[in-house]
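Student: Could you please take me through one part of this model closely? I am new to it and would welcome a connected account that then moves on to the surroundings.

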Amino acid sequence: MEPLTPPPPYTPEPSASTVSPNAPTVQVTSPMASTTVTPAQKLEMVQAELEVAKLRLRQQARERQGLRRVASSRASVFQRLAPKVRIPSILASITRIPRMPGQEPELSVPKLDQRRIAWNMILSEPHTPSACSIASLTKIMLRDLSMETHHYGMMLVLRAASVSAMHSSMQTCVAVEDENGDIELLTIHDFAVTNHLSKEIQIGSFFVVKEPYFRTVLDEACVLCIDHPSDILFLDVDDPMLPCAWRTDVVSNSPTQWKQAGNEALRSDDPMEAERCYSRALAAMTASQAKDVVGGIVRRNRAQARLCLERWDGAYTDAMAGMRPLPAKPDEFADLQNMKAFYRAGRAAYELGAYDRAHSAYTSVTRIAPNDVDGLRELKRTEARMAEQVTGINFWAATGPQAHGTKVDHADFLRRTEARQTQAHGRGLFAVEAIACGDIILCEKALAFVPSPAVPKSFHLVIPPAATRGTFGTQSNMWTEVIQKILANPSIGPRLLSLYAGPNYSPLNDLDIPMLDGRPVVDIFRVENIIEYNSFGYAHDASLTSFGNAALATPGMDSKDGSMGLWLHSSAINHSCLYNAEHSFIGDMIIFRATRDIAKDKEITTLYKEVNACYETRDAALRTWGFSCDCKLCEADRTCPALPRRKQLLQQAKEVLERLPVLNATLEPRDVVMMFEDLLAQIEDTYPEEYYRGLPRPGLITLNRYCAFAYSRSNPDKSLQHALAVIDAHGYKLTITGEDVEFDRTDAMSAPQVVDQLMNASRIYQGRGQMGLVSSLRELALEMYIIINGEPSGFETRYGKARA
């Protein structure tokens, strides 16, 4: 008999925990330590300080509500900024900005404790972005600010007195001053900064802060906080809003000069500056000039700059507006200009997934130049995507796990499903046609996708002060990614904003992203909640050669710094422990396959969390989304009187498995197996037939797997018995009559363990010479493997090739 060593532990690690949507959020980014630190240890490192900080913040906010701002000295402002920036940068900032006499600071930099919750990384209480244009706001000064106050109807005109510091994936900080020389600290969510030309704030940058919010942070002082991207507007050096002392008189450039400057920036690989120059060129034109040849060239060039910035909405609009009316006589120059416009419009439409518009644009390119290689290639590629929207994608040739972190070139396949209202669970996804077991239900590309790094250089922790646990992983980067996508392409806003945003947000009547002062207005707190309730996360192990695309089957992963994505259509899928759809990931694409036959108009369900054998643990995990599962398995667990006894036995089994190395060293393998079999018999008694007829029995899975392994060489019959018990514990009813196999999938749970045991049974029958059964069981195993993994790569690596 084989010693009892653990089989491959297909135990999923969740990629992220759920954060309460109705609380301010603390974000901590710290360098990775040289030694491995678990997420739980990281959380423990800041937990004590967090509890104190929450109480102090709330008390200070109550005490300071409405009090007048206490003026900050330049030295104190830079002192607060110093721990997070290099001292030469600070000193350079101080010497380059004019100061009043007697304001020379002397800096002593305190030692930075990397464990602390940085004061500048705290988001405000949820609030909406300013809905006022600059023209309607009243200008105030820093000395007019009140603490813990939103200054509605007002604005500040400020200049950066330092370089931006603590620039991270989430937030940045900068010293700012007004025209009176008063100085303060400003924190900005990086979603806003990414729209600045340099992607960070430089000394001397000018900007307007709309309806400023002045609030307390953890160092007991106040800062100006900007959370929404549209609440800060950067100004050019010649903007008339600037004070005369700050404004730089520049020679008024002509539209042609601005166009040439834009061309130079584009050649220098600076598309953001190019877009600015082309926009200034168009602003300097008269209405008639904007419609003539030069206006068309500027729009086409700005389309190219916007393609480089992935601003597909604006690129498509500019390209189409840059079309030249064709003259009565052939005009090669006009044809060439229009071909460029069509090509750029096609590229923008393709990236937006608007393949019909892309097809029209590329068809126009080939009409102008029938032999154009680029046009023909892109037309063929677009036609392939349009076919995929109708017929689905052939994943038999997919690259599998090697595609992790990439954006695969495929189209959505969504026509088999639609979102509808359910009777009790809000919105859900339903089949609009019958779908056979194993078939693709849908494939969808992510709106935003953040893969886990191979070697994380920093760790992100998000903690709501109202809660006692935090979220690890790529979720903070997801917020940035989604906000950037919306800012760059407001046309995707309606689909995003239609998603559930938690119990504190009512559905919107108008889903369009409003534009104000030339900027999209996005409520980041609503978007963050949408991500919380609708995104999918999974861990990725680059060493896997099988099950590498699976959502939950990720052996060897003890890190929660996993991959994460937001798929808009798929987000409507509700949870059930007795799910009928498995999801997997190939690059930025999510794939759902049917685990059993699905009838037309049947709701599609999938697994949010692993089906833990302990009901209380399983229910607690699901309650982080604000619901309890009402599937037949959970209902049986809630009502079964033997549940407390089962909980005790499962804990006992867990303790035995933890002592397995000691048991293997001190006992004979047969004695250990008998111990397991005795526990199995006791656990089986806690699943009375009147409650669990036809249902999975998760508590019987793990020990049966160990026993099947232990008997694999010494007693094939016993190994087969335990292998079939594993399959049965997942809810599958495998009936073997002679060479015939029946496989009832009703209310069953697909899992890699079932694939393993089907192949285990196949090998045992092969030893008996029952080759018909071998073939049938292998076919069932391959079918389930593809359901779980999305496509077949890795199956033969794990189980070998079928014998002829």
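Tutor: In strand β12, the residue that faces R420 as its bridge partner is G428. The residues are numbered from 1 along each chain as its sequence is written. The model is predicted, so to speak, with local features needing pLDDT of at least 70 and side-chain atom pairs counting only at pLDDT 80 or more, while totals for chains, interfaces and linings use all residues, and side-chain values use heavy atoms, with hydrogens and water left out.

R420 belongs to an antiparallel pair: strand β11 (residues 417–421) is joined to strand β12 (residues 427–431) by five bridges. Here a strand is a DSSP run of E with at least two residues, a helix is a run of H or I with at least four, and both are numbered from the N terminus. Two strands count as paired if DSSP finds at least two bridges between them. Strands of a sheet pair through backbone hydrogen bonds, either parallel or antiparallel. Together β11 and β12 form a hairpin with five residues between them, and G426 in the turn has a positive phi of about 65°.

The hairpin belongs to an open sheet of four strands, ordered β11-β12-β24-β21, with mixed pairing. At its edges are β11 and β21 (574–575), each of which pairs on one side only. On the other side of the hairpin, β12 runs antiparallel to strand β24 (residues 603–606), with two bridges between them. Within that pair, F430 stands opposite E603 in β24.

A further open sheet has three strands in the order β14-β20-β19, and its pairing is antiparallel. Its edges are β14 (448–450) and β19 (536–538); each has a single partner strand, so one side of each has no neighbour in the sheet. On average, neighbouring strands here are turned by 10° against each other, direction ignored. Axes are lines fitted to C-alpha atoms, for helices over the stretch in contact, and angles run from 0 to 180 degrees between N-to-C directions. Three bridges link β14 to strand β20 (residues 563–566) in the antiparallel sense, and A448 has L566 of β20 as its bridge partner.

Turning to helices, the axes of helix α6 (residues 271–284) and helix α8 (residues 293–308) come within 9 Å and cross at roughly 155°. Therefore α6 is roughly antiparallel to α8, a label for angles over 145 degrees, with under 35 counted as roughly parallel, 65 to 115 as roughly perpendicular and the rest as oblique. Residues making this contact (heavy atoms within 4.5 Å) include Y278 and L282 of α6 and V298 and R302 of α8. They divide into eight nonpolar, three polar and four charged; Ala, Val, Leu, Ile, Met, Phe, Trp, Tyr, Cys and Pro count as nonpolar, Asp, Glu, Lys and Arg as charged, and the others, Gly among them, as polar.

Finally, confidence deserves attention. The pLDDT, the predictor's confidence in each residue from 0 to 100, averages 82 over the protein chain, and 78% of the residues score at least 70. It stays under 50 over residues 8–35, for which the model has 106 contacts beyond four places in sequence. Over residues 553–561 the pLDDT is also below 50, and this stretch has 32 contacts beyond near neighbours in sequence. Where pLDDT is low, the predicted coordinates should not be read in detail.
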